[in-house]
Amino acid sequence: WAESWFKRINEIFHLNKNRISVISDPEKFSESDKILHNALTSMKDAYDNELEDKALNPVKKKVLESLRKHWQGLNIFVDHPSIPMDNNLSERKLREPALGRKNYYGSSSEWSGDLTAALFTIFQTAIINNINPKKFISEYLKVCAENQGKAPDNIDGFLPWNLSDEVKSAWSYPEVPT
């Protein structure tokens, strides 16, 4: 039973991946979107039919009732293709800070925990803007050093969305050969 549901779910992931891959082609996207919608309708029909079975195992019933209860939220990715189907990336990004939190406090110093939280925010902002955090922070510290060890009065020039294309290119990750 569980394996059949895993297969259905994996098929939805596969269909959505195909749909996202053609997002820039409206005709192909529409076709892929229709296929995804049909698969989701089929999945909904399957859980509705199974829930009608009076002899359904209580554990299976609980799982399917949860699916029914959360169905609308689980389908947000359909109308908003930029939203991922799962939160795996978010969970992976939280793992390192969670595992290291005791180390980041140093000798119970609250300031080091605050500094670490601020740096994680800066690093993740750089990463999601395709900027290498090491290059970014190195350039920022260089400016601080040139300013007698003080932060610049205005940091707007370091905000990823304010960077020139030339600077973004210089600070981006190197191209990986395919």
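Q: About how many helical turns separate K44 and D48 in helix α2?
A: The model is predicted. In it, the side chains of K44 and D48 meet in a salt bridge, 3.1 Å from N to O. An α-helix has 3.6 residues a turn, so residues three or four places apart point the same way. K44 and D48 are four residues apart in helix α2, so their separation is about one helical turn.

Q: At 33% relative accessibility, what does K44 count as?
A: Buried means under 20% relative accessible area, and exposed means over 50%. K44 has 33% relative accessibility, so K44 counts as partly exposed.

Q: At 19% relative accessibility, what does D48 count as?
A: The cut-off for a buried residue is under 20%. D48 has 19% relative accessibility, so D48 counts as buried.

Q: Side chains of which residue, besides K44, meet D48 in a salt bridge?
A: D48 lies in helix α2, and its partner lies in helix α3, 20 residues apart. The N to O distance of this pair is 3.0 Å. The partner is partly exposed, with a relative accessible area of 43%. The residue is R68.

Q: Which residues are linked in a network of salt bridges?
A: One bridge joins the side chains of K44 and D48. Another joins those of R68 and D48. The network therefore links K44, D48 and R68.

Q: How many salt bridges does the structure hold?
A: K44 and D48 form one of them, and R68 and D48 form another. R19 and D33 also meet in a salt bridge, at 2.8 Å from N to O. The total is three.

Q: How many residues apart in sequence are the parts that R19 and D33 tie together?
A: The side chains of R19 and D33 meet in a salt bridge. R19 lies in helix α1 and D33 in helix α2, so the pair ties together parts whose separation in sequence is 14 residues.

Q: Is D33 buried or exposed?
A: D33 is found in helix α2. D33 touches R19 and V78, leaving out residues up to four places away in sequence. Its relative accessible area is 17%, and the cut-off is under 20%, so D33 is buried.

Q: How far apart are the end C-alpha atoms of α2?
A: Helix α2 has 27 residues. At 1.5 Å a residue, the expected span agrees with the model, so the end C-alpha atoms are apart by 39 Å.

Q: Against which elements do the buried residues of α2 pack?
A: The buried residues of α2 include F29, S32, L36, L40, M43 and L51. L36 touches I12, L15, N16, R19, F77 and V78, not counting residues up to four places away in sequence. The elements packed against are α1, α3 and α4.

Q: Which element gives the largest share of the largest nonpolar core?
A: This core has 15 residues, and among those touching the most other members are W5, L36, L40, Y47 and L64. The elements that give two or more residues to the core are α1 (2–21), α2 (26–52), α3 (58–74) and α4 (76–79). The largest share is six residues, and it comes from α2.

Q: How many residues are in the other core, which has Y140 and W171 among them?
A: This core lies apart from the largest one. C144 and L163 are also among its members. The count of residues is eight.

Q: Which residues make the nonpolar surface patch of about 280 Å²?
A: One of them is placed in the segment before α1. That residue is partly exposed, with a relative accessible area of 34%. The patch is made by W1, V59 and V63.

Q: How many helices are in the protein?
A: There are zero strands. From the N terminus on, the elements run α-α-α-α-α-α-α-α. The number of helices is eight.

Q: What share of the 178 residues of the protein count as buried?
A: A residue counts as buried under 20% relative accessible area. By that cut-off, the share of the 178 residues is 24%.

Q: What share of the exposed area do carbon and sulfur atoms supply?
A: The protein exposes about 13,500 Å². Of this, carbon and sulfur atoms supply 55%.

Definitions and conventions. Residues are numbered from 1 along each chain as its sequence is written. This is a predicted model: local features need pLDDT of at least 70, side-chain atom pairs count only at pLDDT 80 or more; totals for chains, interfaces and linings use all residues. Side-chain values use heavy atoms; hydrogens and water are left out. A nonpolar core is a set of buried Ala, Val, Leu, Ile, Met, Phe, Trp, Tyr and Cys residues joined through side-chain atoms within 4.5 Å. Buried means under 20% relative accessible area, exposed over 50%, partly exposed in between (1.4 Å probe, protein chains only). Contact means heavy atoms within 4.5 Å. Patches are made of residues with over 30% relative accessible area and no salt bridge: like charges are joined within 9 Å, nonpolar side chains (Val, Leu, Ile, Met, Phe, Trp, Tyr) within 5 Å. Accessible areas come from the Shrake-Rupley method with a 1.4 Å probe; for residues, only the protein chains shown count as cover. A salt bridge is a side-chain nitrogen of Lys or Arg within 4 Å of a carboxyl oxygen of Asp or Glu. The expected span of a helix is 1.5 Å times one less than its number of residues.
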